[in-house]
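Colleague: Could you take a close look at the cysteines for me, and then set them in the context of the whole chain?

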Amino acid sequence: MCLSQQLVFLNASLNFCLYCVVSKRYRSLMKQTLKKFLHKLEGVDRPFQISLKQTKSSSAHVTSIEDHHAHLIQNV
């Protein structure tokens, strides 16, 4: 019973990989779906929000890790 379930899951995952490799239409639909999904995620608050107080050396209030990283790169 356990082996047959493992084979079913293996089949499903291999089918997905084969569709991605073989079908150009499937790849384009997957890209569109992922873009829509990621676009929706951009509107959701990120879980790693940080709040840093403005210091003498910084000129802007940093609200997220990505903003902090971009701010550090600009100062280099």
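**The cysteine pair**

Modeller: Happy to! The sulfur of Cys 17 has its closest cysteine sulfur in Cys 20, and at 6.7 Å the two are too far apart for a bond; a disulfide here is a pair of cysteine sulfur atoms within 2.5 Å. Seen from the other side, Cys 20 is in no disulfide either, with the sulfur of Cys 17 as its nearest, 6.7 Å away. The structure therefore holds 0 disulfides.

This is a predicted model, where local features need pLDDT of at least 70 and side-chain atom pairs count only at pLDDT 80 or more, while totals for chains, interfaces and linings use all residues. Residues are numbered from 1 along each chain as its sequence is written, and side-chain values use heavy atoms, leaving out hydrogens and water.

As for accessibility, buried means under 20% relative accessible area, exposed over 50%, and partly exposed in between (1.4 Å probe, protein chains only). Cys 17 is partly exposed at 42%, and Cys 20 is partly exposed too, at 22%. Of the chain's 76 residues, 5% count as buried.

Now the wider setting. The chain has 3 helices and 0 strands, giving the pattern α-α-α along the sequence; helices (H or I, at least four residues) and strands (E, at least two) are DSSP runs, numbered from the N terminus. Helix α2 covers residues 24–42 and includes Lys 31, which is exposed, with a relative accessible area of 56%.
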